[in-house]
Amino acid sequence: RSAWEGAMSFEFEEWTEFETRVKILMEQDPSTRLVIKYAHNKSRLDVRVTNDVVCLKFKTKDASDLRKFEKLHVWILSRAFDMDDGEIEDEISQARSAVEEQTRAQAASGKKGGRRRRNR
């Protein structure tokens with residue numbers, strides 16, 4: 001028997017309604033999970049939030065929804081790590097800076113990263 005059998009599934013077309021329902025669900029059940037999938041070939045972001053009883057879904061191709069999703073994701077992380085939104089945003093900003101610095105350093109050294117295979 002699958003965990004998805006019997007789950008109530010809801011797909012939303014309006015971001016604000018989806019965001020409100022996600023926050024309510026996460027406040028009610030801390031074991032709620034977030035699943036994010038980006039379909040590059042379709043340029044579509046699929047977001048699914050579930051606690052195995054209720055499944056909330058939102059799909060978008062709109063770039064403005066990505067910013068809204070980023071804000072929701074910060075809210076979710078802040079609840080998961082018991083931090084306020086500002087602290088989480090600072091951590092994300094520091095991680096982005098570290099990645100950008102590493103990318104610049106690799107570009108400056110001419111390395112593309114990863115191991116190279118030898119031709120046989």
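**Salt bridges, rings and a hairpin in a predicted model**

Let me begin with Arg-33, which counts as partly exposed because its relative accessibility is 38%. Please keep in mind throughout that what we are looking at is a predicted model, and that I will therefore speak of computed values.

Arg-33 forms a salt bridge with Asp-52, and the closest N and O atoms of the two are 2.7 Å apart. Since Arg-33 lies in strand 2 and Asp-52 in the loop between strand 3 and strand 4, this pair ties together parts that are 19 residues apart in sequence. Asp-52, for its part, counts as partly exposed, because its relative accessibility is 31%.

That takes us to the strands themselves. Strand 2, which covers residues 33–39, pairs with strand 3 in the antiparallel sense, and the pairing runs over 7 bridges. If you would like one position to look at, take Ile-36, whose bridge partner in strand 3 is Val-47. The two strands form a hairpin with 4 residues between them, and in the turn you will find Ser-43 with a positive phi of about 50°.

Moving past strand 3, which spans 44–50, we come to the loop that leads to strand 4, at 54–60, and Val-53 lies in that loop. Is Val-53 buried or partly exposed? With a relative accessibility of 48%, Val-53 counts as partly exposed, and together with Met-8 and Phe-10 this residue makes a nonpolar surface patch of about 280 Å².

Let me now turn to the aromatic residues, where the count comes to 4 aromatic pairs. One of them joins Trp-15 and Phe-18, and the pair is tilted, with 5.4 Å from centre to centre and 50° between the planes. Both residues sit in helix 1, residues 15–28, and because they are 3 residues apart there, about one helical turn separates them. Trp-15 and Phe-18 are both buried.

Phe-18 also pairs with Phe-58, and here the arrangement is stacked, at 5.4 Å centre to centre with 25° between the planes. Because Phe-18 lies in helix 1 and Phe-58 in strand 4, this pair ties together parts that are 40 residues apart in sequence. Phe-58 is buried, as Phe-18 is. Ring pairs link Phe-12, Trp-15, Phe-18 and Phe-58 into a cluster.

Finally, I return to the charged side chains: how many salt bridges does a search of the whole structure find? The search finds 8, and among them is the one between Arg-79 and Glu-27, whose closest N and O atoms are 3.9 Å apart. As Arg-79 belongs to helix 2, residues 63–80, and Glu-27 to helix 1, the pair ties together parts that are 52 residues apart in sequence. Arg-79 counts as partly exposed at 42% relative accessibility, whereas Glu-27 is exposed, with a relative accessible area of 52%. For a careful reading of those two labels, the cut-off matters, because exposed means over 50% relative accessible area.

Within helix 2, the side chains of Arg-67 and Glu-70 meet in a salt bridge at 3.7 Å, N to O. Being 3 residues apart in that helix, Arg-67 and Glu-70 are separated by about one helical turn. Arg-67 is exposed, with a relative accessible area of 59%, while Glu-70 is partly exposed, at 30%. I will close on the network of salt bridges in which Arg-67, Glu-70 and Arg-96 are linked.

Note on methods. Residues numbered from 1 in each chain as written. Predicted model: local features only at pLDDT ≥ 70, side-chain atom pairs only at ≥ 80, totals over all residues. Heavy atoms only, no water. Patch = residues over 30% accessible without salt bridge, like charges linked within 9 Å, V, L, I, M, F, W, Y side chains within 5 Å. Areas by Shrake-Rupley, 256 points an atom, 1.4 Å probe, with all protein chains shown as cover. Salt bridge = Lys/Arg side-chain N within 4 Å of Asp/Glu carboxyl O. Buried < 20%, exposed > 50% of the residue type's maximum accessible area, 1.4 Å probe, protein only. Pairing = 2+ DSSP bridges. Phe/Tyr/Trp six-rings, centres within 6.5 Å; stacked < 30°, edge-to-face > 60°.
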